[in-house]
Amino acid sequence: MENRITEQASAYDDLQRMSVHDILTGINREDARVHEAVRQTIPVMEKLVERIVERMERGGRMFYIGAGTSGRLGVTDASELPPTYGVPFDLVIGLIAGGDGALRRAVENAEDDTEGAWRDMAPYGPTDKDVLIGIAASGTTPYVIGGLRTARQHGLLTGAVTCNPASPVAAEAEYALEAVVGPEFVTGSTRMKAGTAQKLMLNMLSTAVMIRLGRVEGNRMVNMQLTNDKLVDRGTRMVAEASGLPEKESRELLLRYGSVKKALEHVPQPE
């Protein structure tokens with residue numbers, strides 16, 4: 001328990017007697033600690049990203065596993081990659097203890113099942129080409145510990161995203177990202193600073209991987225899926241800015257070829 005900083009008592013007390021201003025100021029003050037804690041993970045994260053890219057270039061996939069807030073953050077990150085970068089929906093797979101129903105309502109004892117994560121991964125046929133990232137603020141979640149341990153036995157590359165130092169989850173992973181953000185404003189409420197840190201680390205990890213896999217050109221999401229009017233408008237602007245074509249022609253090209261990348265490949269060349 002000595003390393004479970006996420007469970008230590010808040011530096012603030014009598015929260016119920018605080019003014020709204022003081023509550024918000026205190027939360028904001030604690031949130032300011034997150035960025036430096038995440039920055040400390042960059043050296044390890046850099047190595048992990050490089051290893052993930054190597055696996056994915058050989059046909060591997062990436063799995064996220066977690067329980068509660070950690071699981072929800074993993075599912076969110078995974079689900080946002082296909083529309084953003086045009087990758088298949090089964091390239092990055094987010095799994096939460098208790099199944100998709102746990103995204104909205106906690107499933108009792110699901111996080112205590114050490115065999116649950118590998119059982120949840122089984123329908124996807126994980127192989128030694130794949131990557132598993134275990135997400136656990138406390139670093140003690142049995143669902144994540146068991147999943148990482150079994151994954152390593154099967155040759156998967158493993159990483160961990162945690163907010164406690166020297167945790168059991170980190171010990172099971174080859175690459176441990178440990179953003180030690182300190183006690184929460186509300187004691188033990190790891191959806192707060194710890195959740196923010198995990199969200200930042202997942203953003204950094206997956207975005208760097210997507211860029212290195214060639215899913216971005218310049219600074220543009222040239223492979224994004226055109227799933228709504230906002231994204232069609234965004235894609236039209238990208239084509240217009242990159243090609244110099246009028247907006248009407250840019251939109252026509254975009255809709256004809258289905259992505260910014262393909263539209264730009266078919267921009268008419270001056271005679």
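**Figure 1. Tyr124 and its ring partner, Phe63, in a predicted model.** Let us start with Tyr124, which counts as partly exposed at 37% relative accessibility. Is its partner, Phe63, buried or exposed? Phe63 has a relative accessible area of 0%, so this residue is buried. Phe63 and Tyr124 form an aromatic pair with 5.9 Å from centre to centre and 70 degrees between the planes. The pair is called edge-to-face because its angle is over 60 degrees. Where do the two partners sit along the chain? Phe63 belongs to strand S1 (residues 62–66), while Tyr124 is in the loop between helix H5 (116–121) and strand S3. These parts are 61 residues apart in sequence, so the pair ties them together.

**Figure 2. A tilted pair of rings, Tyr12 and Phe185.** How many aromatic pairs does a search of the whole structure find? The search finds two, and this close-up shows the pair made by Tyr12 and Phe185. Their ring centres are 4.8 Å apart, and the planes meet at 50 degrees, so this pair counts as tilted. Tyr12 lies in the segment before helix H1 (20–31), and Phe185 lies in the loop between strand S5 (175–178) and helix H8. As those parts are 173 residues apart in sequence, the pair ties together stretches that you would find well separated when reading along the chain. Both Tyr12 and Phe185 are buried.

**Figure 3. The largest pocket and the residues that line it.** Have a look at the open space in this view: the largest pocket has a volume of about 410 Å³. Its lining is made up of 24 residues. Which of them lie nearest the centre of the pocket? They are Ala67, Gly68, Thr69, Glu111 and Thr141. Helix H4 (68–85) and strand S3 (131–136) are the elements that give two or more residues to this lining. With four residues, H4 provides the largest share. If you sort the lining by residue type, you get 10 nonpolar, 10 polar and four charged residues.

**Figure 4. Gly195, a buried residue of helix H8.** Find helix H8 and look along it for Gly195. This glycine has a relative accessible area of 6%, so it is buried. Which residues does Gly195 touch, leaving aside neighbours within four places in sequence? Its contacts are Leu73 and Thr190. You can also compare Gly195 with Arg72: they are 123 residues apart along the chain, and their C-alpha atoms are separated by 9.9 Å.

**Figure 5. Met204, another residue of helix H8.** Helix H8 covers residues 193–212, and Met204 is found there. Is Met204 buried, exposed or partly exposed? At 29% relative accessibility, it counts as partly exposed. Not counting residues up to four places away in sequence, Met204 touches Val38, Ile42 and Met45. Now pick out Leu15 as well: Met204 and Leu15 are 189 residues apart in sequence, and their C-alpha atoms are 33 Å apart in space.

**Figure 6. Asp14 and Ala166, two residues with a positive phi.** Here is a helpful rule to keep in mind: most residues other than glycine have a negative phi. Asp14 is not a glycine, yet its phi is positive, at about 50 degrees. Asp14 sits in the segment before H1, and it is partly exposed, with a relative accessible area of 36%. Ala166 is likewise a residue other than glycine with a positive phi, near 50 degrees. Where is Ala166? Look in the loop between strand S4 (157–162) and helix H7 (168–172). At 60% relative accessibility, Ala166 counts as exposed.

**Figure 7. Stepping back to the whole protein chain.** The close-ups all belong to a chain with 11 helices and five strands. Along its principal axes, the C-alpha trace spans about 70 × 50 × 35 Å. Of the 271 residues, 46% count as buried. The accessible surface of the chain comes to about 13,800 Å², and 48% of that belongs to carbon and sulfur atoms. What share of the contacts between residues at least 6 apart in sequence joins residues at least 24 apart? The share is 68%.

Note on methods. Residues numbered from 1 in each chain as written. Predicted model: local features only at pLDDT ≥ 70, side-chain atom pairs only at ≥ 80, totals over all residues. Heavy atoms only, no water. Buried < 20%, exposed > 50% of the residue type's maximum accessible area, 1.4 Å probe, protein only. Contact = heavy atoms within 4.5 Å. 1 Å grid on protein atoms, 1.4 Å probe; cavity = no way out; pocket = protein on both sides within 12 Å on 5 of 7 lines; lining within 4 Å. Points joined across faces, edges and corners; volume = space filled by probe spheres on them. Nonpolar A, V, L, I, M, F, W, Y, C, P; charged D, E, K, R; others polar. Phe/Tyr/Trp six-rings, centres within 6.5 Å; stacked < 30°, edge-to-face > 60°. Areas by Shrake-Rupley, 256 points an atom, 1.4 Å probe, with all protein chains shown as cover.
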